[in-house]
Amino acid sequence: MTEQNTAADAPQEPTRESTRESARKSVTVLGLGAMGTALATSLLAAGHRVTVWNRTPHKAAALAQKGARQAQSPTEAIRDSPLVLVCILDYADIGPLLTDDGAGEALRGRAVVNVTNGSPDEARALAEQVTALGADYLDGGVMAVPEIIGKPQAFVLYSGAKDAFEAHRGLLDAFARSVYLGSDPGLAPLNDLALLSGMYGMFGGFLHAAGLVRSAGGNVAEFTRELLVPWLRAMADSQLPAMAEQADAGNYGATGSNLAMQVSHDAIGAVSRAQGVSTELFAPLWELMKRRVADGHGEESIGGVLELVHPRGPRSRPAPV
Ligand SMILES: NC(=O)c1ccc[n+]([C@@H]2O[C@H](COP(=O)([O-])OP(=O)(O)OC[C@H]3O[C@@H](n4cnc5c(N)ncnc54)[C@H](OP(=O)(O)O)[C@@H]3O)[C@@H](O)[C@H]2O)c1
């Protein structure tokens, strides 16, 4: 006779509610400025149990109304969750936050994910401090502004304890795509700053271009929409991958647009001066391009300027991926 399952011991079909409940995790957010609030809001929207703490308590009120539990101290907040997300203004203030009033003891066995912006050395030092307290440490670089947290464009760079990243990735994905760079905690801040450098270069280019267009009475918005953005997209897609390969190889071989040709006339400088547009944004790059040609590399691509920015040689730090 075959054994029949009774209704009570028969495997239950997971309901939508039970699936949601099992995917629900507990997370603590310390720091509710613009970014911490956006992260906590996104985690709540994804259905997680969120405990929040902020130095100025009233900033937690709106999140509490949405279902977050407001803790009275960092220690109380840390005790609530296996994962502690830190997002405050300055690195220097994180150490005391994670150690004062028993917080350090409460951290044992938990994971700290710190998305406060800092330097690679600050990340490594904090990782040592947190690890010595018996917790895992991941450093994070948020590549988003608060308004796009939870949207497809947002991503966060992580580096540090890989096991912790893998254990908590599902939860971290709630507010942005997660990108793990490696076990050195300094990798996330270094790559974060590299990406910001690229962004500021683009902003500098925009500002100079806008100055030229405005000096001739043009409409900057129309110019940007119709011409500049398509141009920059085309240049980024067609030029940057090849330049990046040259950078890794240290070989900046001749291209259709060699550097000597590019510096043969100071057209941008001359026209800018004639139009009353400052050349302060463009001049530093221009000077490096000329110096590279003067050093005998005129037949190479503009990528060779990298050798003046950071010459190839033994690395003092792990390379960004
Ligand atoms: N906003 C962005 O677009 C963006 C993007 C990427 C990364 N980030 C990074 O995210 C971090 C937070 O930025 P944010 O935009 O949220 O800044 P914010 O709006 O100025 O908020 C700063 C937060 O830090 C807290 N804080 C400052 N000093 C503190 C201390 N000594 N002890 C405890 N808490 C302290 C503040 O608490 P109070 O409310 O009590 O003052 C507040 O919660 C920064 O490292 C920033 O670089 C921000």
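A cavity is a set of grid points where a 1.4 Å probe fits but cannot get out. By this criterion, the predicted model holds 2 cavities of 30 Å³ or more. The tour begins with the enclosed space and then moves to the ligand.

**Stop 1: the largest cavity**

Select Thr116, Asn117, Gly118, Asp139, Gly140, Gly141, Pro189, Asp192, Leu193 and Leu196; these residues line the largest cavity. The space they surround amounts to about 50 Å³. Next, colour β6 (136-143) and α9, the elements that give two or more residues to this lining. Of the two, α9 supplies the largest share, with 4 residues. Colouring by residue class shows 3 nonpolar, 5 polar and 2 charged residues in the lining of the largest cavity.

**Stop 2: the second largest pocket**

Move now to Gly33, Cys87, Ile88, Leu89 and Asp90, which lie nearest the centre of the second largest pocket among its 25 lining residues. Two elements, α2 (34-45) and α9 (187-215), give two or more residues to this lining. Highlight α2 in particular, since the largest share, 3 residues, comes from this helix. The second largest pocket contains about 700 Å³ of space. Its lining comprises 13 nonpolar, 7 polar and 5 charged residues.

**Stop 3: the ligand**

What takes up the space of the second largest pocket? Display the ligand, and the second largest pocket is seen to be the space that it takes. Select the 20 residues around the ligand, of which Asn54, Arg55, Thr56, Lys59 and Asn117 come nearest. Asn117 has been met before, as one of the residues lining the largest cavity. In the shell around the ligand, α2 again makes the largest contribution, 3 residues. By class, this shell divides into 10 nonpolar, 7 polar and 3 charged residues.

**Stop 4: contacts of the ligand oxygen atoms**

Draw distances from the ligand to three residues in turn.

- Lysine 59: an N or O atom of the side chain is 2.6 Å from an oxygen atom of the ligand.
- Alanine 34: a polar backbone atom stands 2.9 Å from a ligand oxygen atom.
- Leucine 32: here too the backbone provides the polar atom, at 3.2 Å from an oxygen atom of the ligand.

How much of the ligand does the protein bury? Taken alone, the ligand exposes 900 Å², and the protein buries 76% of that area.

Terms used
Residues numbered from 1 in each chain as written. Predicted model: local features only at pLDDT ≥ 70, side-chain atom pairs only at ≥ 80, totals over all residues. Heavy atoms only, no water. 1 Å grid on protein atoms, 1.4 Å probe; cavity = no way out; pocket = protein on both sides within 12 Å on 5 of 7 lines; lining within 4 Å. Points joined across faces, edges and corners; volume = space filled by probe spheres on them. Nonpolar A, V, L, I, M, F, W, Y, C, P; charged D, E, K, R; others polar. Near = heavy atom within 4 Å. Polar contact = N/O pair within 3.5 Å; in protein donor to acceptor, adjacent residues only side chain to side chain. Areas by Shrake-Rupley, 256 points an atom, 1.4 Å probe, with all protein chains shown as cover. Sits in = over half its atoms within 2 Å of the grid points.
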